[in-house]
Amino acid sequence: MPLEEMNSFFDARVKDYEEYVRQEADGAQDYYRETAKLIPKRKRLSLVDLGVGTGLELDEIFQQNPGVTVTGIDISEGMLRKLREKNRKRMEQVQAVKGNFFEYDFGIERYDGAVSVMSMHYFEPQAKLELYRKLGRSLKKGGFYLETDLYAPNGEYEQSCAAENERLRREQGIRGGFYHYRIPCTVERQAKLFFAAGFSSVRVCWACGNTVILMAKK
């Protein structure tokens, strides 16, 4: 099967995406709720959501933090269209941004926190490191980043996925860009990326099989 560009992959699956994603990963019935529970309950809280998709995590976050404001970034216009439809009554609270979050200008000390749910296991460690550095600078003092994602169970699995991704790209003549292929890293390597990016602490908050929620604090 040829690798699909990330935006094309998700645009083609908007209709069935929410049903699919709730069945595909370990803990899929719980991790959106568990992510939302970890966000501090405040009357005013500004978040940036990397890979917001149709906003499944926002459904849970708004239940627990009705006053939160969110900048949701996603590369798929189809996903963002559904996000806007679901949040018509909250559009003053939800800014939907179509774009590549690796290139997005997050600003400096702009957000109280950041969140990403099932978005980061498609990207190489070095690319994520640079992203986390920018993200860290965008967080206010004491800010947090919650990453709910699939992680490799061991280093051998991580290396195997990375090698297969490289092989497929080489065979298909793909030299750059973002394509839909899972290359998860281990929790241990992910924690090292956070520390290298300047976060002061990292902890595992929840886990179910290969799905883990990590919280990194500035």
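Helices and strands are taken here as DSSP runs, with helices (H or I) of at least four residues and strands (E) of at least two, numbered from the N terminus. On that basis, M118 falls in the loop between β4 and α6 (125-138). The model is predicted. M118 has a positive phi of about 55 degrees, although it is not a glycine. Most residues other than glycine have a negative phi. The relative accessibility of M118 is 9%, and because buried means under 20%, this residue counts as buried. M118 also contributes to the lining of the second largest cavity.

E109 also has a positive phi without being a glycine, with a value near 45 degrees. E109 sits in the loop between β3 and β4 (111-117).

The sheet is described next. It is open and has seven strands, in the order β3-β2-β1-β4-β5-β7-β6. Its pairing is mixed. Strands of a sheet pair through backbone hydrogen bonds, either parallel or antiparallel. β3 and β6 (201-208) stand at the edges. Each has a single partner strand, so one side of each lacks a neighbour in the sheet. From one strand to the next, the twist averages 15 degrees.

On the β3 side, the pairing is parallel. Strand β1 (residues 46-50) and β2 are joined in the parallel sense by five bridges. Within this pair, D49 stands opposite G72 of β2. The chain passes from β1 through helix α4 (residues 56-64) to β2, in a right-handed β-α-β crossover. β2 and strand β3 (residues 94-98) also run parallel, with five bridges between them. Here G72 stands opposite A96 in β3. The path from β2 to β3 goes through helix α5 (residues 77-86), and this β-α-β crossover is right-handed. Strand β2 itself (residues 69-74) is mostly covered, with five of its six residues buried.

On the β6 side, the pairing is antiparallel. Strand β5 (residues 139-150) runs antiparallel to β7, and seven bridges join the two. The bridge partner of Y145 in β7 is A216. β6 and strand β7 (residues 211-217) likewise pair in the antiparallel sense, over seven bridges. Two facing positions illustrate this pairing. A207 stands opposite V212 in β7, and V202 stands opposite A216 in β7. β6 and β7 form a hairpin with two residues between them. In the turn, G209 has a positive phi of about 60 degrees. β7 is mostly covered: of its seven residues, six are buried. In a regular strand, side chains alternate between the two faces of the sheet.

Enclosed space was examined next. Rolling a probe the size of a water molecule over the atoms shows where empty space is left. The count comes to two cavities of 30 Å³ or more. The largest holds about 300 Å³ of space. It is lined by 24 residues, of which F10, G51, D74, F101 and S119 are the closest to its centre. α1 (6-11) and α4 are the elements that give two or more residues to this lining. By class, the lining of the largest cavity has 15 nonpolar, seven polar and two charged residues.

The second largest cavity has a volume of about 90 Å³. Its lining consists of F9, F10, Y17, Y20, V21, E24, M118, H121, Y122, H180 and R182. α1 and α2 (14-24) each supply at least two of these residues. The most come from α2, which gives four residues. The classes in this lining are seven nonpolar, two polar and two charged. F10 is listed among the residues closest to the centre of the largest cavity and also lines the second largest.

One further residue belongs to a helix. E188 is located in helix α8 (residues 187-196). Its relative accessible area is 56%, and because exposed means over 50%, E188 counts as exposed. A separation of 9.7 Å lies between the C-alpha atoms of E188 and A152, which are 36 residues apart along the chain.

Note on methods: Residues are numbered from 1 along each chain as its sequence is written. This is a predicted model: local features need pLDDT of at least 70, side-chain atom pairs count only at pLDDT 80 or more; totals for chains, interfaces and linings use all residues. Side-chain values use heavy atoms; hydrogens and water are left out. Buried means under 20% relative accessible area, exposed over 50%, partly exposed in between (1.4 Å probe, protein chains only). Two strands pair if DSSP finds at least two bridges between them. A crossover is right-handed if, with the strands pointing away from the viewer, the path from the first strand over the helix to the second runs clockwise. On a 1 Å grid over the protein atoms alone, a cavity is a set of points where a 1.4 Å probe fits but cannot get out, and a pocket is an open set with protein on both sides within 12 Å along at least five of seven lines; lining residues have an atom within 4 Å of a point. Grid points are joined across faces, edges and corners, and a volume is the space filled by probe spheres set on the points. Ala, Val, Leu, Ile, Met, Phe, Trp, Tyr, Cys and Pro count as nonpolar, Asp, Glu, Lys and Arg as charged, and the others, Gly among them, as polar. Axes are lines fitted to C-alpha atoms, for helices over the stretch in contact, and angles run from 0 to 180 degrees between N-to-C directions.
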